[in-house]
Amino acid sequence: MNRFVLADPDQCIGCRTCEIACVIAHSAGNPFISPDDEFHFHPRLKVIKSFGVTAPVQCRHCEDAPCANACPNGSITNADGSILINSESCIGCKTCMIACPYGAITMVPEYRDGRAVVQHGLYTNVSGRLQPKERMIASKCDLCEGVEGGPACIGKCPTRALKLVEPDLVQARVEEKRAASARQLLHMTRIPATGL
């Protein structure tokens, strides 16, 4: 079973600290001291604020991942309990974005050494001038793969609204619910509780 980060909307205050922690965790340098033209704010989760609900939304690392099933060239794979995007082979077709039921995938410009990667031979018209088109790739939560301490959003959340859901935790919750259901059934049928 894959791991994933889950937010408790009752605890989230919408401060977006998780988004900042995500950007810092995935930046080579310190984005706060980078020149403006080198600062790229592309968090891999998005805080959604609506009437009555505020919570970050991010990849759930689905077991039967629709994004991976839809990817036309196998750039999305399951590795060590998480669903990962290979940015090198991603062609930016947006099929994964459409397939994701949570809206957890976004398209972002690809950067190398702080500069946007351009597609050779492909141009875009900007105010009547042709300019090289930036290469766009799919981006989503990778559970801070390779980042010491795991998902940065969890550690920086001031209200502890985010939790890493591990397979053991899911199984424990399922067992608790089953036991509670069995106790409720026994109470409803007035059968003496034996062994519960």
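Where in the protein is confidence lowest, and where is it highest? Color the model by pLDDT to find out; you're looking at a predicted structure. Select residues 115-116, strand β8: confidence bottoms out here, with a mean of 84. Now jump to residues 95-99, helix α3, where it peaks at 98. Across the protein the average pLDDT is 91, and 95% of the residues score at least 70.

Next, zoom out and switch to cartoon view. You'll find five helices and twelve strands in the protein. The radius of gyration is 21 Å, well over the 16 Å that the globule rule gives for 196 residues, so the protein is more spread out than a compact globule. Turn the model around and look at its extent: the C-alpha atoms fill a box of roughly 80 × 35 × 35 Å along the principal axes.

Now pick helix α1, residues 17-25. Show the side chains of Cys-18, Glu-19, Ala-21, Cys-22 and Val-23, which are buried. What lies over them? Add β2 (46-50), β3 (53-57), α4 (152-156) and β12 (162-165) to your selection, since these are among the elements that cover the buried residues of α1.

Keep the whole chain in view for a look at contacts. Of those with a separation of 6 or more, 61% are between residues 24 or more positions apart.

Finally, turn on the surface. About 12700 Å² is accessible, and carbon and sulfur atoms hold 53% of that. As for what's hidden, 30% of the 196 residues count as buried. Color by charge to finish: there are 21 positive and 20 negative charges, and their mean positions are 6 Å apart.

Methods
Residues are numbered from 1 along each chain as its sequence is written. Side-chain values use heavy atoms; hydrogens and water are left out. pLDDT is the predictor's confidence in each residue, from 0 to 100. Helices (H or I, at least four residues) and strands (E, at least two) are DSSP runs, numbered from the N terminus. Buried means under 20% relative accessible area, exposed over 50%, partly exposed in between (1.4 Å probe, protein chains only). Contact means heavy atoms within 4.5 Å. The radius of gyration is taken over C-alpha atoms; the globule rule is 2.2 Å times the number of residues to the power 0.38. Accessible areas come from the Shrake-Rupley method with a 1.4 Å probe; for residues, only the protein chains shown count as cover. Lys and Arg count as positive and Asp and Glu as negative; His and the chain ends are not counted. The place of a charge is taken as NZ of Lys, CZ of Arg, CG of Asp or CD of Glu.
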